[in-house]
Amino acid sequence: MFGGLTALHFLRDTVTVRPGDTVLVNGASGAIGTNAVQLAKNAGATVTAVTSTANLDLARRLRADRVVDYTVTPPLTLTDRFDIVLDAVGNISPRRGVTLLSERGTLLLAVADLSETLSLRRRVKSGSGAERAVDVEHLVELLATGRLESVIDSTYPLAQAVRAHERVDSGRKVGNVILNPGD
Ligand SMILES: NC(=O)c1ccc[n+]([C@@H]2O[C@H](COP(=O)([O-])OP(=O)(O)OC[C@H]3O[C@@H](n4cnc5c(N)ncnc54)[C@H](OP(=O)(O)O)[C@@H]3O)[C@@H](O)[C@H]2O)c1
């Protein structure tokens, strides 16, 4: 659920995606990215999703208008300019990321170190969202009505919490890892 809450925090509360906006999601196959692509599409944006080759089809299934394979085309080499760039990987620096922005664009950093956080500029924003029940209810409503798909990488029983964390820490999970306390 944190991926959806974080995507909401950035795309609804930090900026508000509007119909016709162009949005680039870097790391579109992660927990934040899979939610961000769909929430931006729901808001009427044109979405470009950056993934590895293996995850391009997933991004298409999540309704991305355009997919970019970072092993072929690193996002910083794109000549397009975007109204919103959401980096959910942590490999787009504020200095280089702003070059991807349109005149009114905003760079959103889901991953930012202390020096980046302290040096944030007007067009670059970071932070983390609150975990509010009303937002969880909103996401559940989107899931229940088919406007949001939850992408599940793997499910582990509580006894295998260490393995679940290892999978998360791999940086390769696709969507969400579930830890099931009932198992
Ligand atoms: N600011 C906040 O509030 C907040 C909240 C939660 C998490 N975070 C942070 O946000 C980051 C993202 O978390 P997450 O759970 O969504 O995903 P994640 O586990 O960090 O990302 C996994 C995905 O990233 C893709 N990926 C890896 N390298 C990439 C690259 N160079 N370009 C594009 N995609 C790449 C992987 O696909 P491939 O294997 O195909 O490359 C994999 O599907 C984490 O660092 C997390 O700590 C921030």
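How do the residues of the shell around the ligand divide into nonpolar, polar and charged? They divide into 11 nonpolar, 11 polar and 2 charged. Ala, Val, Leu, Ile, Met, Phe, Trp, Tyr, Cys and Pro count as nonpolar; Asp, Glu, Lys and Arg as charged; the others, Gly among them, as polar.

This is a predicted model, where local features need pLDDT of at least 70, side-chain atom pairs count only at pLDDT 80 or more, and totals for chains, interfaces and linings use all residues. Residues are numbered from 1 along each chain as its sequence is written, and side-chain values use heavy atoms, with hydrogens and water left out.

**View 1. Residues around the ligand.** The ligand has 24 residues around it. Ser 29, Ser 52, Tyr 70, Arg 172 and Lys 173 come nearest. A residue is near if one of its heavy atoms lies within 4 Å of the molecule.

**View 2. Polar contacts of the ligand.** A polar side-chain atom of Arg 172 lies 2.6 Å from a ligand oxygen. For Lys 173, a side-chain N or O atom is 2.6 Å from an oxygen atom of the ligand. Ala 110 uses a backbone N or O atom, 2.9 Å from a ligand nitrogen. Such a contact is a pair of N or O atoms within 3.5 Å.

**View 3. Helices and domains in the shell.** Helix 1 (2-14) and helix 2 (31-42) each give two or more residues to the shell. Helices are DSSP runs (H or I, at least four residues), numbered from the N terminus. Domain 1 (2-125) and domain 2 (152-183) each supply at least three shell residues; their bounds come from an automatic or database domain assignment.

Key: A polar contact is a pair of N or O atoms within 3.5 Å; within protein, one must be able to donate a hydrogen and the other to accept it, and residues adjacent in sequence count only if both atoms are side-chain atoms.
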